[in-house]
Amino acid sequence: MMNSIQYYLDIFEVTQQQLRKVAEAALSRGGDYCDFYFENTTFFNLLLKDGVVSSGGFHTDYGVGIRVLKGEKTGYAYTENTDLEDMMKAAKAASAIACGSNESRHYSPVSGEARDMYPVRKNWRDMSADAFLPFLKSLETRVFRSDSRIVKVIVRLSDSVSDVLMYNSLGELTCDTRPMGSVTVTAVFSQNGKTENKTASRSFRTGAELIDDMLIEELASDVVRGIDERFEAIRPKGGQMSVVMGAGASGILLHEAMGHAFEADFNRKGQSIFSGKIGKQVCPAGINVVDDGTVMYNRGSGNYDDEGVPGQKTYMITDGILTSYLHDRISAAWYGVAPTGNGRRENFRYNPIPRMRATYMESGNASPDGIISSVSKGIYVDEFSNGQVKIGEGDFTFFVKSGFLIENGRLTAPVKDINIIGNGPKALSDIVAVGNDLKIDNGTWTCGKEQSVPVSCGMPTILVSSLTVGGE
């Protein structure tokens with residue numbers, strides 16, 4: 001959602017003349033580049049538990065972060081007040097931090113126009129808390145009716161709206177209003193003395209039009225799907241075997257085990273297993289891996305990133321070849337390429353760094369059923385949690401929340417309490433089939449690389465010829 005420039009100047013009580021004056025102060029010690037990130041965010045949340053709204057809250061975050069770059073050094077300061085005096089102090093502090101370097105680096109203006117990827121019909125800021133209570137109660141009731149084994153339901157609703165103004169020493173002035181709505185439901189099941197729980201969620205950059213009967217039905221169906229298998233699941237024998245990853249939420253493994261290794265800061269510093277491999281084949285031909293900031297209403301999308309670069313779609317792997325890292329302005333200047341719109345930050349108190357948005361593998365040509373039927377012995381997994389990744393080596397371990405044994409081309413016993421262990425580059429090279437069923441998961445995914453930012457992930461069904469399965 002984008003408004004007029006004057007709308008944002010009025011919110012932050014600044015003029016373009018003042019912005020230029022502060023930029024002059026920020027570069028007064030000889031900096032190469034400076035930028036400002038103004039933010040005005042309102043947050044709201046409600047929690048329904050045991051049939052009662054047990055908590056809720058509303059707060060506002062407001063301020064500006066000022067960054068100065070000089071060679072390899074970064075100076076950063078912020079203020080929660082946007083009057084001219086405080087901004088000048090922050091600019092001079094950032095300048096003093098950055099300008100101890102004798103090096104210089106050139107920063108160029110960014111071309112391209114942003115398009116509005118999250119138009120809003122009902123502004124969250126215009127809604128009262130009372131307006132959401134019938135929705136919360138209806139969702140709770142619908143979930144309880146879905147399964148007689150449910151003993152507890154917890155429903156969370158949260159929303160935020162962020163007004164952002166960005167200005168830099170190149171004279172670029174960009175503005176954006178970013179909505180976010182999220183609903184999460186957790187159900188606790190009890191059967192024969194055993195307890196299981198499952199959570200379903202949806203999160204989009206959209207307005208309060210998100211809250212409707214269709215969302216209730218989707219979440220109620222998701223939160224009970226597969227619960228029979230969870231009660232019946234076994235812990236299988238471990239070992240090396242073929243692994244089929246189901247479409248959708250399996251994309252978190254792609255995000256963690258491979259996506260982070262494509263972020264340009266890790267590669268610029270030689271910390272990634274993929275450092276120096278641009279133009280090299282890293283997986284079989286036909287595989288395309290994308291980080292996309294242009295998916296309409298997606299949680300990870302942005303009209304602009306947090307450096308004022310228009311949102312764009314970036315192919316990290318094209319036909320099996322590593323074709324691009326994920327760049328902010330710093331890494332782009334270092335590599336001599338254009339930034340890819342991946343400069344992101346948690347809020348105005350943080351420096352932007354290369355971060356993912358919506359990361360997924362594009363569909364291939366294989367049918368999901370055909371992929372499963374091609375495996376004589378292996379495992380099928382469709383939900384992961386608690387992953388650990390070593391960026392430098394590419395090694396990863398993920399806990400499997402949901403899956404099945406594959407025996408003679410058929411899904412048989414449900415499994416639990418197992419890990420998938422492997423190496424990112426090797427897992428990429430060992431992909432032998434890619435399904436035609438790409439699904440982007442629209443849950444409340446959040447990435448925690450130094451700072452928390454909203455992301456999403458996705459994947460078609462894929463077959464990896466060999467991974468280590470940690471079981472009995």
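I looked up the surface of this predicted model. The accessible surface of the protein comes to about 19300 Å² (Shrake-Rupley method, 1.4 Å probe), and 47% of that belongs to carbon and sulfur atoms. Residues are numbered from 1 along each chain as its sequence is written, and side-chain values use heavy atoms, without hydrogens and water. Local features need pLDDT of at least 70 and side-chain atom pairs count only at pLDDT 80 or more, while totals for chains, interfaces and linings use all residues.

Next, burial. I found that 55% of the 472 residues count as buried, meaning under 20% relative accessible area (1.4 Å probe, protein chains only).

Then I turned to the largest nonpolar core, a set of buried Ala, Val, Leu, Ile, Met, Phe, Trp, Tyr and Cys residues joined through side-chain atoms within 4.5 Å. This core has 43 residues, of which Met 245, Ile 379, Phe 384 and Ile 420 touch the most other members. Helix α7 (residues 251-259; a DSSP run of H or I, at least four residues, numbered from the N terminus) gives the most to this core, with five residues. Apart from it I noted another core of 31 residues, including Leu 48 and Trp 124.

Last, I checked Asp 176, which lies in strand β5 (residues 173-191; a DSSP run of E, at least two residues). Asp 176 is buried, with a relative accessible area of 0%. The side chains of Asp 176 and Arg 178 are joined by a polar contact of 3.2 Å (a pair of N or O atoms within 3.5 Å, one able to donate a hydrogen and the other to accept it; residues adjacent in sequence count only if both atoms are side-chain atoms).

Technical notes
Buried < 20%, exposed > 50% of the residue type's maximum accessible area, 1.4 Å probe, protein only.
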